[in-house]
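Work through the following exercises with the structure open beside you, and try each task before reading its solution.

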Amino acid sequence: MDFVYINHNVLDNVFYIIVSLLMFFVLVDNVKKFKQYRKALLTACMSLPIIFCMKFPIYIDEYCVHDLRQIPVFIGTLYGGWPVGAVLLVIMLTSRFAIYGMNGITLVVYIVIFVATALFSGRFNRFNRKNKLISSVLLTIVLEIFTTYVALWMSDIFVVTEAYIFYFIILPPILMFFMVYIIELLSDAMYIRSKIVKFEKMEVVSQLAASISHEVRNPLTVVKGFMELLKSPNLSLDEKKRYIEHIERELHNAESIISDYLAFAKPAIEKVEPLLIEQEIRNVIDIMKPLAKMSSVTITDNLGQGTVQGNKNYFRQCFLNLIKNAIEAMPNGGELQIVSALEKNKVTVKIVDTGVGMSKEQINRFGEPYYTSKTKGTGLGSMVAVKTIQTMNGKLDIDSILNVGTTITITLPAFITEYKMVQKDSQLKLETEF
Ligand code: ADP
Ligand code: MG
């Protein structure tokens, strides 16, 4: 066998397939709508190389057209199952017959390939990466050999040439190996990126746990003290009552710290709803208070009313990350000011710290994943914040002077009239129900 078989036509065919695959991933990754219509997009992206491979084939002999269209058919059917495979089959056969005319062998061969691959697809998608690679290569070899026999059996003039063996039996399994590898690699990368938000949350949760356990220990120590006092025999009823009140108050404090924390640590629900700025930010401030106290940061706030629309969990996480950064920028204490206001149809929130400030590079790279100036930083907090603000159609501006402080300004579109009416209604309902 000769290397003349690898010529620019083969490379062209491979190029169509790779470009279409990359196009699929770029679109799924960047266009929200396509996430729901993955299979439709896969069908569209795989039908392009099918048509291109056929239109610009490797070469045509009297018995068959040599091209690599079977690769996108395999990929589409394996990953998308029979619906994708069926559409691809129809597109492939129609364009094959439109370009080169009707051919019985082609029809039978591709129906065999489609049925076998579609039947295998369910099991294939449950495999791990290694088994996917092995099984797709084996499936391709088996089907290519089997369909060659079918073609030989159907036609007396069909001959298996050296070129046929190379293009239809040797090359496809090798290409399938690389294509499945590329698909798995890109899918993994996308999956991991989608988990980053959760990962960052786990980081924050574990860091908060330390400051919160500290904060819960204080009231418990106080309670222990009063319990000891209660044990003394000659207490007046009045004293007893006062001690018990102290105990109740401290226990209540501890309880509210824990429930705030648990509310935050709960997994996120993907729901978009109107959020009352004042209430949500107050909530975050309460959660962050223990951490602020540990680094002698005093928090002052001036929260105006305003409603925005977004996901409660992401919103909290976003402000938590920003406030946490501000606190971390003041390791030796300082002042943290949080101000929110409603202006026309915009809600602005300002987070002002008197910390170390940010350099030009830090400002430019804010929001970039894994960029951190801290030894124990993740460099993900700002990314999650920026992404959240973006999805809420808002913007985030940074003003910072080194060693003086940083002001982060978040502007979000206000969610006005309709909601207020709904809210009033639901309040009325609540009032009448109870
Ligand atoms: P991390 O906090 O884990 O380092 P982030 O993505 O939250 O990661 O922040 C990225 C970087 O941006 C930080 O390492 C820090 O250098 C800078 N930064 C963010 N907020 C502030 C702030 N308020 N003051 C100073 N630097 C900040
Ligand atoms: Mg951070």
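The exercises below concern backbone angles, domains and surface charge.

The model is predicted, so local features need pLDDT of at least 70 and side-chain atom pairs count only at pLDDT 80 or more, while totals for chains, interfaces and linings use all residues. Residues are numbered from 1 along each chain as its sequence is written, and side-chain values use heavy atoms, with hydrogens and water left out.

**Exercise 1.** Locate N393 and describe its backbone and its surroundings.

Solution. Begin with the angle: phi of N393 is positive, at about 60°, although the residue is not a glycine. As background, most residues other than glycine have a negative phi. Next, place N393 in the loop between α12 (381–391) and β8 (395–401), where helices (H or I, at least four residues) and strands (E, at least two) are DSSP runs numbered from the N terminus. Finally, N393 has a relative accessible area of 64%, which means that it counts as exposed (over 50%, with buried under 20% and partly exposed in between; 1.4 Å probe, protein chains only).

**Exercise 2.** Locate S296 and describe its phi.

Solution. S296 lies in the loop between α9 (277–294) and β4 (297–303). Its phi is near 50°, again a positive value in a residue other than glycine.

**Exercise 3.** Into which domains is the protein divided, and what distance separates their centres?

Solution. By an automatic or database domain assignment, the protein has domain 1 (3–198) and domain 2 (271–433). Taken over C-alpha atoms, their centres are 48 Å apart.

Conventions:
Chains are lettered from A and ligands numbered from 1 in the order in which they are written.
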